[in-house]
Every structure is written in structure tokens, then in C-alpha cells.
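Good morning, and thank you for making the time. Please take a moment with the sequence and the model, and then I will walk through a few parts of it.

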Amino acid sequence: MRLSVVMPVFNEAKTVEMIIARVLRAPGLFELLVVDDASSDGTAAALSRIRDPRVRIFRHPVNRGKGAALRTAFEQVRGDVVIIQDADLEYDPLDYPKLFSPIEAGRADVVYGSRFTGETHRVLFFWHYVGNRFLTTLSNMLTNLNLTDMETCYKAFRSEILREVRFRSDRFGIEPEFTAKIARRNLRVYETSISYHGRDYAEGKKITWRDGFKAVVAILYYHFFD
């Protein structure tokens, strides 16, 4: 099965070349689709130095958000399995086989990589952890799934799902929207542990409490109204 990795990027000039190099070493990689969401920090220059033919780069003229960047990449996917990869160094492509193998074995349609089920992770913000657990619990109550990490970046899924599901979120609401729409279709969902090397705000972390509030709205909206 051919692996497509999709990577939304916004102002990650310090890390984007390093994470792309790690992705390119992943076994079974067919293509890497990078969407620069109107970065203004030198990311475009860093991406211009990438010469691997497996990498395809797209750019938004204005910043539209993670969800919009993912939608741009989803429209271009040619592989059989898709993995979402952030452009920082918090998530390690060495975990791809854990995400990929249940799908390749025919057991799963979607696999979530959980940061909270036992693998090595950096110890950081308590209230971020509480907020994440709250969002995951609220999502689980409405979807009847028992995920431990709904907000994780690492989600792997069969690419054929993109022909059946239309995503609409522009920003971080893509996480609860993805989960709500996957649950509604009764797909086979698995979860596996992954390592997590979180960063703090001085290192470039972008998500804030405002994004948590918007995630609550998104969870409710995509359950009751969409």
C-alpha cells in the first residue's frame, strides 16, 4: 500500500527541513504533500531547497488555517493510506509503522496515534492536558468512541475515505470534525501509542485556550448541526 503524508505548514522555518528529512526516510513513503499556509518567516525559502521528487509543495496566498491546508493536500492525494504530519518536531515519523500496520493488515480504516497511552513524552503543561482530556471526553460522549486523544495530529486512514467525506473546517476545528464524520460512518477505528516531544511557547507552540473553546463549539456543531 502506498503511503501519502500530508503536512500543513505555517511559520516553521526552523524545523520544516528537519521534519521533511525524517519523513522522507519513512519506509513505504510514496509522496509527501506540503502546504505552506502563507508563512512569513522564511518557510518558503526552506521549502525551495527541497529537491526530492516525492515532495509536492503547495502554497496559500493568505493564511487560512490548518484545516484549509489539509483540505488542499487531501485534494491531491494519490496514495492508498494517508498520515497527517505537523511541520514541527513534536511527532516522530518513526511511529508511522504503528499507524500504518493495522490498515495494511486489513483490520482498520482509521488509526489514531495517542500521546497518552504509555510511550515516552515530554512533560509540559498540566492545563493543556486537562483541556485535551475534556475535549476528548466530550467528543467521545457524542460519537460513542473511546479514544484517549481525539486532538492528536497523528491520524492515519484509507485514502478512499476522502472520496466519501467532505471536510469543511479551516482551522483547528478539523480535529473534532474529522472524528465526528469518521464515527458517523461506522468505520473501524484503532488507536496506538506514539511518542510525543511537545514544545513550549518559546519554542513556537501556537495553540491557545481560544482554540480549545473553538474546539468545543466544533464538537457540538458537527454532532448536532452538520
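**A walk through the model**

I start with Y196, which is found in the loop between strand 7 (189-193) and helix 7 (209-224); helices (H or I, at least four residues) and strands (E, at least two) are DSSP runs, numbered from the N terminus. Before going on, I should say that this is a predicted model, in which local features need pLDDT of at least 70 and side-chain atom pairs count only at pLDDT 80 or more, while totals for chains, interfaces and linings use all residues. Residues are numbered from 1 along each chain as its sequence is written, and side-chain values use heavy atoms, with hydrogens and water left out.

Is Y196 buried or exposed? Y196 counts as buried because its relative accessibility is 11%, where buried means under 20% relative accessible area, exposed over 50%, and partly exposed in between, with a 1.4 Å probe and protein chains only. The side chain of Y196 makes a polar contact with the side chain of E90, at 3.2 Å; such a contact is a pair of N or O atoms within 3.5 Å, and within protein one must be able to donate a hydrogen and the other to accept it, with residues adjacent in sequence counting only if both atoms are side-chain atoms. Y196 and L89 lie 107 residues apart in sequence, and their C-alpha atoms are 8.9 Å apart in space.

A second aromatic loop position is F172, placed between strand 6 (155-158) and helix 6 (174-184). F172 is partly exposed, because its relative accessible area is 29%. Leaving aside residues up to four places away in sequence, F172 touches K66 and D211, contact here meaning heavy atoms within 4.5 Å.

Next come the enclosed spaces. How many cavities of 30 Å³ or more are there? The count comes to two, a cavity being, on a 1 Å grid over the protein atoms alone, a set of points where a 1.4 Å probe fits but cannot get out, and lining residues having an atom within 4 Å of a point. Grid points are joined across faces, edges and corners, and a volume is the space filled by probe spheres set on the points.

The largest cavity, of about 40 Å³, is lined by S139, L142, T143, P176, A180, I219 and H223. Helix 5 (126-143), helix 6 and helix 7 each supply at least two of these residues, and helix 5 gives the largest share, three. By class, this lining has four nonpolar, three polar and no charged residues, where Ala, Val, Leu, Ile, Met, Phe, Trp, Tyr, Cys and Pro count as nonpolar, Asp, Glu, Lys and Arg as charged, and the others, Gly among them, as polar.

The second largest cavity has a volume of about 30 Å³, and its lining consists of L70, F74, I84, K155, I174, E175 and F178. Helix 3 (66-74) and helix 6 are the elements that give two or more residues to this lining, with the largest share, three residues, coming from helix 6.

I finish with helix 1 (residues 16-24), where V16, I19, I20, V23 and L24 are buried. Seen down the axis of helix 1, these buried residues fall within an arc of 140 degrees, so they line one face of the helix; the arc is that of the directions from the helix axis to the C-beta atoms. The buried residues of helix 1 pack against several elements, including strand 1 (3-9), strand 2 (29-36) and helix 4 (96-104).

Definitions and conventions. 1 Å grid on protein atoms, 1.4 Å probe; cavity = no way out; pocket = protein on both sides within 12 Å on 5 of 7 lines; lining within 4 Å.
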